[in-house]
Amino acid sequence: MPALPTPPPGGDALDDLGVRLHDGVGTLRVWSQNASSIELVLFDEDDLDWETATLPLERRAGGVWQVSTELLHPGARYALRVDGPHGPGHVFNPEALLLDPYSRGLAQGDGYELWRSVVIADGFDWGGVQKPRIPLDETVIYEGHIKGLTKRHPGVPTALHGTYAGLAHPAMTAHLRSLGVTSIELLPVHAFMPEPRLLERGLTNYWGYNTLNFFTPHTAYATEAARKAGPEAVLAEFKGMVKLLHEAGFEVILDVVYNHTSEEGIGGPRSSLRGIDNALYYRQQPDGAYIDTTGVGNTVNTATDAAARLVLDSLRYWATEMQIDGFRFDLATSLFRNAAHEYDLEHPLLRAIHDDPALQDVKIIAEPWDVGLGGWQTGNFPAGWSEWNDRYRDRVRNFWLSDIDYARRATAPVGVGGFANRLAGSANTYDPERGPLASVNFVTAHDGFTLHDLVAYDVKHNEANGESNRDGADVNRSFNHGVEGDTDIPAILTARRKAMRNLMGTLLLSAGIPMITAGDEFGRTQRGNNNAYCHDSPLTWLNWNHEPWQEDLLAHVALLTRLRAENPALRPARYAVIGEHVPGASEMDWFDQDGRTMSAEQWNDPRHRTLQYVAASAPEDGRSNRILLIVHGTETPIDVRLPKDLDGAGCFIPLWSSAEERPSADERRHLPGEVLPIPGTSMRLFRVE
């Protein structure tokens, strides 16, 4: 008998929280186990300080409070007043006006903390447009920021710059299509607030990892017309963006921040959860001191049913009502810590996400770490999850950058074995049942150096962040190739460009799911700032005016994504097993620079940093596909003999070379056993026929 699905945390008692419209009235349901009273406060739609009515909520089973009234109609502005006991863990204040955690809309008045919940009527004409449902093995993720993507795009109308509508404009979708990506992963779009400490320094929270509400799209990313029209218009613009991107064939993945909120530590802003039931919504010690596994002051306590259900209900809402295709969970380890604050594979929320019918067709991606004890969990999420693979990032950066830097002073510190493991899908990190598609491969992300800055800076330059360059990662595995930052020395610029092509080529030719950071396809820079979270400025907005070398890099990336799509051998779904036929796996052979099978000694020998990697697949339709990738990891050129004992190989057809400044149409056929000159630190891809 099949296992029964996991019931949602809290069961039926926690159904239909927030406002539900029915029969001419609205019913508001709010959870607070420890409250002694809750009031609904209604406000004038134009003056958010003017209270127009106050109604008490009645306590029901399971810690839920409820009221039904015709005053809760679409567009109504409201807040909550919550009173309760005093003592460790409790910070009730009956004068504080709090947001409904399930608000579908928000309105902001004058002042940092003047927010009101807004009643929203569901409904949108999707016109029959369906989710693209792109298979994992065909997925290429493009991580970007709603505002930064289009703020300076010359093909997007000025009124749409930096907005939801701007991302869906044909000028932007044309770029995405030519680039060959399939899925747009957006930095946080849940309503968020900048931290007061940043505002005091004249900065802001640009990235958005400071959530105010888990159900409402961030208003500032809507067009001016939508903002003036109100929360329902903002919601409609967001849905319109998703609809148009789906029509264009792109998925929309959201980076979601459920691990903490903008209420910060005790003494920080009081906007919602802290005032409703601080003792149960946030992790804390018996004396009320917060347990912070996120590094920002608080951690949502998903060991309680109500907090876990809040996360699950938000996911369901965005996956269904907003038609979102996937979620990347920021600091995911924090979400799945149990009552003892330990990461738990049997966590009820983890099981509920896996079992929920509304989440069966969405992509689920973990950032598999947090800053708490036992927080690093790369490789330890269950089947059905993909994970950001920091081990991949570090190994690839080492191979092409820090190893090369070290080799200029001595010899390279390691051989090619660790790099090959990452290239082939990180089988030493993920269980066989999960396979290579458990790995989201990345070389850069929103946090850290851009691709350009990885090859141009040895150290971070974060002085503009106002923290005396203390913030941001100190270990970047970068290499400036001889000069820190800007230079006009041709040899250094040439080496940097080739290093970018090697990094991008490795990313797009590796087994797993590749993620490109927006702007890396044309080598954007943040001037060495590796933590630009607080800059909403040209430093972080993409510059769409490119120099010739940037257009060349863009051509390489577009070619690589096309080759990945055309050659299924590059994107296996399963790990190969020696001597067995595994459906969905690519059979792999490894040769050295002389065309001989790699010996055990060569894998970890620093003197041998050249390999020939052959991957062969036999898709279900019976059409076989085989590629050869040459990787050369030293700056000294080398002669490489193509394998001559590869069964069924008649010739090798060139597809791509990282040594070329711009891709060329080289269709010369090379024979088994032929010797090819390979420039230093470069890659070459062939199709085997």
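The exercises below, each with a worked solution, concern a predicted model.

**Exercise 1. The open sheet**

Determine the order of the strands in the open sheet and identify its edge strands.

Solution. Strands of a sheet pair through backbone hydrogen bonds, either parallel or antiparallel. Here four strands form an open sheet with antiparallel pairing, and their order is S1-S2-S6-S5. At the edges stand strand S1 (18-22) and strand S5 (58-59), each of which pairs on one side only. Within the sheet, strand S2 (residues 25-31) and strand S6 (residues 64-69) are joined in the antiparallel sense by six bridges, and in S6 it is tryptophan 65 that serves as the bridge partner of valine 30.

**Exercise 2. Strand S16 and its partners**

Establish which strands are joined to S16 by bridges, and decide whether the side chains on its two faces are buried or exposed.

Solution. Begin with strand S15 (residues 326-329), which runs parallel to S16 and is joined to S16 by four bridges; in this pairing glycine 326 stands opposite lysine 363. Next, strand S17 (residues 386-388) also runs parallel to S16, with two bridges between them, and here isoleucine 365 stands opposite serine 386. For the faces, recall that in a regular strand the side chains alternate between the two faces of the sheet. In S16 (residues 363-366), Lys363 and Ile365 lie on one side and Ile364 and Ala366 on the other, and all of these residues are buried, which leaves both faces covered.

**Exercise 3. A loop glycine**

Locate glycine 374, classify its exposure and list its contacts beyond the neighbours within four places in sequence.

Solution. Glycine 374 belongs to the loop between S16 and S17. Its relative accessibility is 44%, and because partly exposed covers the range between under 20% (buried) and over 50% (exposed), glycine 374 counts as partly exposed. Leaving aside the neighbours within four places in sequence, glycine 374 is in contact with Thr333 and Arg337. As for phenylalanine 329, which is 45 residues away along the chain, its C-alpha atom is separated from that of glycine 374 by 17 Å.

**Exercise 4. Helix H11 and a stacked pair**

Describe how H11 is capped and where it is kinked, and then characterise the aromatic pair formed by phenylalanine 399 and phenylalanine 419.

Solution. At the N-terminal end of H11 the cap is asparagine 389, which has a side-chain oxygen 3.1 Å from the backbone nitrogen of arginine 391. Further along, H11 has a kink of about 50°, centred on asparagine 398. The buried residues of H11 include Asn398, Phe399 and Trp400.

A pair of aromatic rings is described by the distance of the centres and the angle of the planes. The structure holds 28 aromatic pairs. One of them is tilted, formed by phenylalanine 215 and tyrosine 317 at 5.6 Å centre to centre, with 55° between the planes. This pair links distant parts of the chain, 102 residues apart, with phenylalanine 215 in the loop between helix H4 (196-200) and helix H5 (224-229) and tyrosine 317 in helix H8 (residues 305-320). Both phenylalanine 215 and tyrosine 317 are buried.

By contrast, the pair of phenylalanine 399 and phenylalanine 419 is stacked, at 4.1 Å centre to centre and 20° between the planes. Because phenylalanine 399 lies in helix H11 (residues 390-407) and phenylalanine 419 in helix H12 (residues 417-423), the pair ties together parts that are 20 residues apart in sequence. Phenylalanine 399 has a relative accessibility of 1% and therefore counts as buried, and phenylalanine 419, at 1% relative accessibility, counts as buried too.

**Exercise 5. Two residues between H13 and H14**

Place threonine 487 and serine 468 in the structure, and state what sets the phi of serine 468 apart.

Solution. Threonine 487 is in the loop between helix H13 (451-454) and helix H14 (490-509). Its side chain reaches the backbone nitrogen of isoleucine 489 at 3.2 Å, and, leaving aside the neighbours within four places in sequence, threonine 487 is in contact with Ile492, Leu493 and Arg496. Serine 468 likewise lies in the loop between H13 and H14. Most residues other than glycine have a negative phi. Serine 468, however, has a positive phi, near 55°; at 58% relative accessibility, serine 468 counts as exposed.

Notes:
Residues numbered from 1 in each chain as written. Predicted model: local features only at pLDDT ≥ 70, side-chain atom pairs only at ≥ 80, totals over all residues. Heavy atoms only, no water. Polar contact = N/O pair within 3.5 Å; in protein donor to acceptor, adjacent residues only side chain to side chain. Contact = heavy atoms within 4.5 Å. Phe/Tyr/Trp six-rings, centres within 6.5 Å; stacked < 30°, edge-to-face > 60°. Buried < 20%, exposed > 50% of the residue type's maximum accessible area, 1.4 Å probe, protein only. Pairing = 2+ DSSP bridges. Bend = angle between axes of the 7 residues up to and from the residue.
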